[in-house]
Each structure stands twice: as C-alpha cells, then as structure tokens.
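Work through the exercises below with the sequence and the structure open. Each task is followed by a solution in steps.

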Amino acid sequence: MAEGDSSSSTPGFFRGHWEGWKEYWGERFAFLDNYKKHISHRENPIPSWSDSDVEEFIASDPIHGPTLKTAREAVKIAAVGSAIGALSSAGVAWKYSKSPHGTVLSLGAGAVFGWTFGQEVANHWLQLYRLDTMSAQVKFLDWWVNKSEGRS
C-alpha cells in the first residue's frame, strides 16, 4: 500500500515517528497549557498593561501579588546579568580579535549566558524555588482580562 493511502490501519514510518516526537515534546512543554486560554483562540488579543496595572494587582491580591512582585524583581536581575554578559563578552572579543562578526556573535551569546546566570542568581537570592510564579502570572492574566473586559 502507498504511504498516503487512508485505508491503511497502521500509520507510515514518518507519521508514527512524528507522533512519538509530538507526544515527547508535548510532555516537556505541558506547562504551557496554563497559558492556553490566554493565547489561543482569542477573538481579540489581550491589551497591553502598564506597571501601574501590575502594581494594582500586587496590592489587591495578598497571595499572588507578592509572588508576582518577586518574579518581576528576578527579571530585573536577569536583565542586568544579560547586559553585563553581553558587554563583557563582546568587549573581550573585540579586544582580542577585532572581528566585527565575532564581536556580534559574542554579544548575542554573552547576553544569553548572562541572562541565564542572572536568572539563577535571582532564583537563589530571592528564593524563587519556594514560590509558584507561574500560578501568580496566570492569576494576573486572569485578573487583567477580567478588568480590561469590564468583568471585575
């Protein structure tokens, strides 16, 4: 039988292989299901929010507010780590090679490595491993959608 034949009861080699990988990666990214109602099948995108909106949520929710505030502080630490990593690695690359393309690659890699290192520092410094930051972010998105659609 041909591979495209729909009367076949067993999937072809490539389709079976693809289904296996799809299941594998679906398990690894299952945490994205928490955000599914906010990102898929929406008629209108979620409107942008400002820092004052986030501060209002932090003040209004005694459980998830402090967690969201801590997560936002962690992002600031990671951003500083990213800037330090990018500039220092690009500076060293430029100093020793004078290669523009090498410097740009070093800038990008340094930013990624710096962000990762900064996030780890923030994770331990702010003890994020004790908090459920994803739940706080989802609660904020729920609150923001309700507020922006007038369903407070």
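**Exercise 1: Glu56 and its partner**

Glu56 is partly exposed, with a relative accessible area of 38%. Here buried means under 20% relative accessible area, exposed over 50%, and partly exposed in between (1.4 Å probe, protein chains only). The model is predicted: local features need pLDDT of at least 70, side-chain atom pairs count only at pLDDT 80 or more, and totals for chains, interfaces and linings use all residues. Residues are numbered from 1 along each chain as its sequence is written, and side-chain values use heavy atoms, with hydrogens and water left out.

Task: State with which residue Glu56 forms a salt bridge, and which helices the pair ties together.

Solution.
- Step 1. Apply the rule: a salt bridge is a side-chain nitrogen of Lys or Arg within 4 Å of a carboxyl oxygen of Asp or Glu.
- Step 2. Recall the background: side chains of opposite charge can pair when their charged atoms come close.
- Step 3. The partner of Glu56 is Lys147, and the closest N and O atoms of the pair are 2.7 Å apart.
- Step 4. Glu56 belongs to helix H3 and Lys147 to helix H6, so the salt bridge ties together parts that are 91 residues apart in sequence. Helices are DSSP runs (H or I, at least four residues) numbered from the N terminus.
- Step 5. Lys147 is partly exposed, at a relative accessible area of 28%.

**Exercise 2: Asp53**

Task: Decide whether Asp53 is buried or exposed, then list what its side chain reaches and what Asp53 touches.

Solution.
- Step 1. Locate Asp53: the residue is in helix H3, which covers residues 51-60.
- Step 2. The relative accessible area of Asp53 is 13%, so Asp53 is buried.
- Step 3. The side chain of Asp53 reaches the backbone nitrogen of Ser50 at 2.9 Å.
- Step 4. Leaving aside residues up to four places away in sequence, Asp53 touches Phe140, Trp143, Trp144 and Lys147. Contact means heavy atoms within 4.5 Å.
- Step 5. With Lys147, Asp53 also forms a salt bridge between side chains (3.8 Å, N to O). This pair links distant parts of the chain, since Lys147 is in helix H6 (residues 133-148) and Asp53 in helix H3, 94 residues apart.
- Step 6. Put the two exercises together: Asp53, Glu56 and Lys147 are linked in a network of salt bridges.

**Exercise 3: Asp51 and Arg72**

Task: How many salt bridges are there, and which helices does the pair of Asp51 and Arg72 tie together?

Solution.
- Step 1. The count comes to three salt bridges.
- Step 2. One of them joins the side chains of Asp51 and Arg72 (2.8 Å, N to O).
- Step 3. Asp51 lies in helix H3 and Arg72 in helix H4 (residues 64-97), so this pair ties together parts that are 21 residues apart in sequence.
- Step 4. Asp51 counts as exposed because its relative accessibility is 52%, while Arg72 is partly exposed at 26%.

**Exercise 4: Positive phi values**

Task: Find where Lys98 and Gln127 lie, and give the phi of each.

Solution.
- Step 1. Lys98 is in the loop between H4 and helix H5 (100-125). Its phi is positive, about 55°, although Lys98 is not a glycine.
- Step 2. Lys98 is exposed, with a relative accessible area of 51%.
- Step 3. Gln127 is in the loop between H5 and H6. Gln127 is not a glycine either, and its phi is positive, near 55°.
- Step 4. Gln127 counts as partly exposed, at 33% relative accessibility.

**Exercise 5: Domains and a surface patch**

Task: Give the bounds of the two domains and the distance between their C-alpha centres, then name the residues of the nonpolar surface patch.

Solution.
- Step 1. The protein chain is divided into domain 1 (12-41) and domain 2 (47-149); such bounds come from an automatic or database domain assignment.
- Step 2. The C-alpha centres of domain 1 and domain 2 lie 26 Å apart. Five residues from domain 1 and six residues from domain 2 take part in the contact.
- Step 3. Trp18, Trp21, Tyr24, Trp25, Phe29 and Leu32 make a nonpolar surface patch of about 650 Å².

Conventions:
Patches are made of residues with over 30% relative accessible area and no salt bridge: like charges are joined within 9 Å, nonpolar side chains (Val, Leu, Ile, Met, Phe, Trp, Tyr) within 5 Å. Accessible areas come from the Shrake-Rupley method with a 1.4 Å probe; for residues, only the protein chains shown count as cover. Helices (H or I, at least four residues) and strands (E, at least two) are DSSP runs, numbered from the N terminus. A polar contact is a pair of N or O atoms within 3.5 Å; within protein, one must be able to donate a hydrogen and the other to accept it, and residues adjacent in sequence count only if both atoms are side-chain atoms.
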